[in-house]
Amino acid sequence: LEENNIETISANAFVNCATLEQIDLFKNGIKSLQPGAFAGLVNLVTLSMQSNELSDLSARSFEQMMKLESLQIGFNKLERIDAEAFQGLTNVKSISLNVNLLTQLDPEIFSSLPSLTSVNLASNLIESIALKSSTVTDLIMSNNKISRVTDSFAELTSLRILNLYENGVEAIDDLAFENMPQLVSLLLFNNKIKIISESTFKNLVGLENLELRRNQITEIHPNAFDDLLSLRSLQLAENSIETLAPDTFQSLMDLRDLYLGMNEIVEFPENLFKPLSNLQRLNFVNNPISKLDGVPFGLMPAVTRIDLNNCKVNAIERTFFTNFPALVSFNANGNLCIETNVILSNVDFNAGTPFDKCFRNFDTPPGEPTDPPTTPPTTEGAPKSPTPAPSTPTSTTTDGANSHSGMSLMIVIGVVALFKNVF
């Protein structure tokens, strides 16, 4: 029934369609549903009313649809939904209400749906929300108007995935997630968060994925991630981070992927990455880092990929790669001493390598030329040895003999004169 001109669904419109399992009313221009519009659809599993012009849903709009599992009402003009609109949907698992004009929902609107696990409220106008459900596991709230995250999600006691992409979130209350230890994925991409405090992520002991990319973060408390003992992926790229405390990642022993790209980090502090014994991928592209040594890392036995494209690396310690025995890919396009991506299995460190210039630069003391001299250098301050004039051995011997003869003659004359004076 897609793309017709149905404006209203009348009562009992499907009363003789008991065997139907799926109805798609996409893009019909539907503006209203009369009471009992879907009566008789006792075997319906999927109902889609995407891209219509519904502005409100009244109480029990979907009564008698005991087998319905998926209800899709996205891309409409919904401004109001009655608290009892979904009463009777005892088998519904997924409700999509994305891209509407909703500003609020009754906290109890999903509380009586025992099978509901997924709710999509993306792209509405919601500024704050407090929902109750013991069954919802996935909640998509991206592209709304939530500027501050409070503890309003605490009564979604089974929630595992919370998507708050692109809301303009500026702050997260301390302990906002304290009562949500079951949360597995928290997505805060493209907001305006500036500070991560010690209590921002308190008690999120089950969290595996934390997405904080493209915010305005300048400050992360050294203990901000201490409770995230199950974290596997941490995304901090595209922020304004300049420094990280040495203990920032001290509790993240299970972390697999760490993204720090497109920040303002100049150098990493000592032992910053050392606790990350299970880390597999490290990405810090587009940071003004000039040199790499082993000080921030220590032995990292599981790392297989490092991305540092478009940094300013001009020197690498010769022993740097011994910290990464499993390293396969070293992606370094756009740096100063190396401008290529390298597969480590193709590198013989006992022969010439793509890193030789980086190694030489690291070994060269500051202030001295980084390129090897083309001619042997002279010792600074040492006097220059004069170049001896060429001589002929024969003439040298003759001159010497004549000199000795002249001296002997003068001595004899002197002795004779002395005797004359005496006598």
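Which residues does Phe62 touch, not counting residues up to four places away in sequence? In this predicted model, the contacts of Phe62 comprise Leu33, Phe38, Leu47, Met49, Leu57, Leu71, Ile73, Ala85, Phe86 and Leu89. Two of these partners, Phe38 and Phe86, recur in the description of the largest nonpolar core, which has 110 residues and in which Phe38, Phe62, Phe86 and Phe330 are the residues with the most contacts.

A search of the whole structure finds one disulfide, and this bond joins Cys337 to Cys358 with an S to S distance of 2.1 Å. Cys337 lies in the loop between β24 (329-331) and β25 (341-343), whereas Cys358 belongs to helix α1, so the bond ties together parts that are 21 residues apart in sequence. The torsion about the S-S bond of Cys337 and Cys358 is about 100°, and the disulfide is therefore right-handed. Both Cys337 and Cys358 are buried. Of other cysteines, Cys311 counts as buried because its relative accessibility, 4%, falls under the 20% limit, while Cys17, with a relative accessible area of 25%, is partly exposed.

Helix α1, which spans residues 356-363, contributes Cys358, Phe359 and Asn361 as buried residues. Seen down the axis of α1, these buried residues fall within an arc of 165°, so they line one face of the helix. The elements that cover the buried residues of α1 include β23 (315-316). Cys358 thus appears both among the buried residues of α1 and as a partner in the disulfide with Cys337.

Turning to charged side chains, the structure holds 15 salt bridges. One of them is formed by the side chains of Glu238 and Arg214, with an N to O distance of 3.0 Å. This pair links distant parts of the chain, since Glu238 is placed in the loop between β18 (233-235) and β19 (257-259) and Arg214 in the loop between β16 (209-211) and β17 (219-220), with the two positions 24 residues apart in the numbering. Arg214 has a relative accessibility of 36% and so counts as partly exposed. Glu238 and Arg214 also belong, together with Glu211 and Arg213, to a network of linked salt bridges.

A further salt bridge brings together the side chains of Asp254 and Arg232, at 3.9 Å from N to O. Here too the pair links distant parts of the chain, with Asp254 in the loop between β18 and β19 and Arg232 in the loop between β17 and β18, 22 residues apart. Asp254, at 23% relative accessibility, counts as partly exposed, and Arg232, at 36%, is likewise assigned to the partly exposed class.

In the salt bridge between Asp307 and Arg305, the closest N and O atoms are 3.0 Å apart. With regard to accessibility, Asp307 is buried, having a relative accessible area of 2%, whereas Arg305 is partly exposed, with a relative accessible area of 32%. The assignments of Asp307 and Arg305 follow because buried means under 20% relative accessible area and partly exposed covers the range from there up to the exposed class, which lies over 50%.

Notes:
Residues are numbered from 1 along each chain as its sequence is written. This is a predicted model: local features need pLDDT of at least 70, side-chain atom pairs count only at pLDDT 80 or more; totals for chains, interfaces and linings use all residues. Side-chain values use heavy atoms; hydrogens and water are left out. A salt bridge is a side-chain nitrogen of Lys or Arg within 4 Å of a carboxyl oxygen of Asp or Glu. Helices (H or I, at least four residues) and strands (E, at least two) are DSSP runs, numbered from the N terminus. Buried means under 20% relative accessible area, exposed over 50%, partly exposed in between (1.4 Å probe, protein chains only). A nonpolar core is a set of buried Ala, Val, Leu, Ile, Met, Phe, Trp, Tyr and Cys residues joined through side-chain atoms within 4.5 Å. Contact means heavy atoms within 4.5 Å. The arc is that of the directions from the helix axis to the C-beta atoms. A disulfide is a pair of cysteine sulfur atoms within 2.5 Å.
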